[in-house]
Amino acid sequence: MRLVQFKTEDGRRKVALVAPEGDALLPLAGVASVYELAMRSIAEATPLADLVAATAREAAVDYEAALTDGRVLPPLDHPEPARFLITGTGLTHTGSATARNRMHEVVHGPDAHESDSMKIFRMGLAGGKPGEGRIGVQPEWFFKGVGTCVVPPGAPLELPGYALAGAEEAEIVGLYIVDPAGEPRRIGFALGNDFSDHVTEGKNYLYLAHSKLRDCSIGPELLIGDLPQEVRGRTRIHRDGAVVWDEEFLSGESHMSHSIANLEHYHFRYPMFRRPGDLHAYFFGADAMSYASNVKTEAGDEFEIESPTFGRPLRNRMVAGAEETLVSVRPL
C-alpha cells in the first residue's frame, strides 16, 4: 500500500492511494494530509492500512500529469514545518563506510590509522543488530533541518553559494509521528535524497554537521507496512540529456549493519524527540554515492533515485543558489 500527497489542478490538497497499475492516483475522500490521517489512526485506535482501506475513493487522477505539473508534494509534512524534524545516520551500509574512509585517506594518506568512520562502522557490524528487546551499539547521528528543508519531488535542490559541492545520497527514510502519550509511531517508509556537501565533509570529519544542513527531498510515495529485508534500486545522474552516472544501491536490513529498531531507539530515546504531535523523518544511510566514484556534479544535473519497492522514482535537479554574503548580527 503506497500513498501520495498532491494538489488538485485548483490547488486543493489530497491524499491518494496509488492504483495497483501505478498509473493513477485514487484520492481518499475527505483526507487532505497524511498527518491528518495518522492522527485519525491514533485517535480511533485503527491501523493506518485498515483506515485507508475503509476510506471511500474519489475519481481517479492521472499520476503522470500530477508529477509533470509539479503538483505532487512530499509524502509527509506538518502544518507547522518547524515541528517536522529531519535527521539521519550514516555508516550503516558497506558503500557508505568505504566512501567515508576514502575521504579520510585523501586527507591523511593511505597509511593513516583506521579512521573513526571505519571504527564506528565495525562497531555497527559487531553490535548494531542486538535482537528483539535488546539495545545495541550506538550509531552515528546527524541533524539535517526542519520541514522547510524538504523540497517536493521534481522541485530543485539548491546548491548554496557557500557550498564546496553538492551530490545525492539515495536512502530509505523512516517517517514517524509522536502520539499524544509521547510514543513514537512509524507511519511508513519512503525514498529520500539526503543531498549533502561531501567536499566540506572530507576536509574534516567534524564538518559533517555543516555538510548536512542542506535541502533534501523525500518521496514521491509513502510505503505503508513493513520494509522488505532487501530493497534494490538505482541512482542516476542526468546531464544535458545523457546519463553520466548509474549505479545500483542495496538497502533494507539484510544490507545494513544496524537494525531499524536499533536506529529508532537511539533517536527516540531523547525526550525532546518524543514531543506529542511532532513529525520525524529519519534517513537510514546510503549504499552507493556518485562522489565515491569521483563524479563531479554540476548545476543543472538531475538526480534520479528509483526502486520498484517504492513505485515512481524521486527526481530533483540541482540548481545554483546566490553567492554567500556576510550575515551580521545586530544588538537590540
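**Exercise 1. A serine in a short helix**

Take Ser211, which sits in helix α7 (residues 208–212), in this predicted model. Work out whether Ser211 is buried or exposed, and which residues it touches beyond its sequence neighbours.

*Solution.*
- Start with accessibility: the relative accessible area of Ser211 is 0%.
- Compare that with the cut-off: a residue is buried when the value is under 20%, so Ser211 is buried.
- Now look for partners, leaving out residues up to four places away in sequence: Ser211 touches Ser196, Asp197, Thr200 and Glu201.

**Exercise 2. A covered helix**

Go to helix α8 (residues 260–268) and find how many of its nine residues are buried. Then identify which strands help to cover them.

*Solution.*
- Count first: seven of the nine residues in α8 are buried, which makes the helix mostly covered.
- Name them next: the buried residues are Ile260, Asn262, Leu263, Glu264, Tyr266, His267 and Phe268.
- Finally, look around these residues: their cover includes β5 (84–88), β9 (170–178), β10 (184–193) and β15 (279–286).

**Exercise 3. Salt bridges in different settings**

The structure holds 26 salt bridges. Compare the settings of Lys144 with Asp194 and of Arg232 with Glu230, then place the pair Glu306 and Arg236 in the chain.

*Solution.*
- As a reminder, side chains of opposite charge can pair when their charged atoms come close.
- In the bridge between Lys144 and Asp194, the closest N and O atoms are 2.9 Å apart. Lys144 belongs to strand β6 (residues 142–146), while Asp194 is in the loop between β10 and α6 (198–203), so this pair, 50 residues apart, links distant parts of the chain.
- Check both ends for burial: Lys144 is buried at 2% relative accessibility, and Asp194 is buried at 0%.
- Turn to Arg232 and Glu230, whose closest N and O atoms are 3.1 Å apart. Here Arg232 is partly exposed at 40%, and Glu230 is partly exposed at 37%.
- For Glu306 and Arg236, the closest N and O atoms lie 3.7 Å apart. Glu306 is in strand β16 (residues 302–306) and Arg236 in strand β13 (residues 231–239), 70 residues apart. Arg236 is buried, with a relative accessible area of 17%.
- One last step widens the view: Arg236 and Glu306 belong to a salt-bridge network that also links Arg234, Asp246, Glu304 and Arg315.

**Exercise 4. Where two domains meet**

The protein is divided into domain 1 (2–69) and domain 2 (81–320). Describe the contact between them, from its overall area to the elements on the domain 1 side.

*Solution.*
- Set the scene: the domain centres, taken over C-alpha atoms, are separated by 26 Å. Each side brings 16 residues to the contact.
- Next comes area: about 1,400 Å² is buried between the domains, with carbon and sulfur atoms giving 68%. On the domain 1 side, Arg2, Tyr35 and Ile42 supply 41% of what that domain buries, more than any other three residues.
- Add the polar links: six residue pairs are in polar contact between the domains, and two salt bridges cross the interface.
- Map the domain 1 side onto its elements: β1 (2–7), α1 (34–43), α2 (48–54) and α3 (63–68) each supply at least two residues. The most come from α1, with five.
- Close with chemistry: this side of domain 1 has twelve nonpolar residues, one polar and three charged.

Note on methods. Residues are numbered from 1 along each chain as its sequence is written. This is a predicted model: local features need pLDDT of at least 70, side-chain atom pairs count only at pLDDT 80 or more; totals for chains, interfaces and linings use all residues. Side-chain values use heavy atoms; hydrogens and water are left out. Domain bounds come from an automatic or database domain assignment. Contact means heavy atoms within 4.5 Å. Buried area is the accessible area (1.4 Å probe) that two parts lose on being put together, summed over both. A salt bridge is a side-chain nitrogen of Lys or Arg within 4 Å of a carboxyl oxygen of Asp or Glu. A polar contact is a pair of N or O atoms within 3.5 Å; within protein, one must be able to donate a hydrogen and the other to accept it, and residues adjacent in sequence count only if both atoms are side-chain atoms. Helices (H or I, at least four residues) and strands (E, at least two) are DSSP runs, numbered from the N terminus. Ala, Val, Leu, Ile, Met, Phe, Trp, Tyr, Cys and Pro count as nonpolar, Asp, Glu, Lys and Arg as charged, and the others, Gly among them, as polar. Buried means under 20% relative accessible area, exposed over 50%, partly exposed in between (1.4 Å probe, protein chains only).
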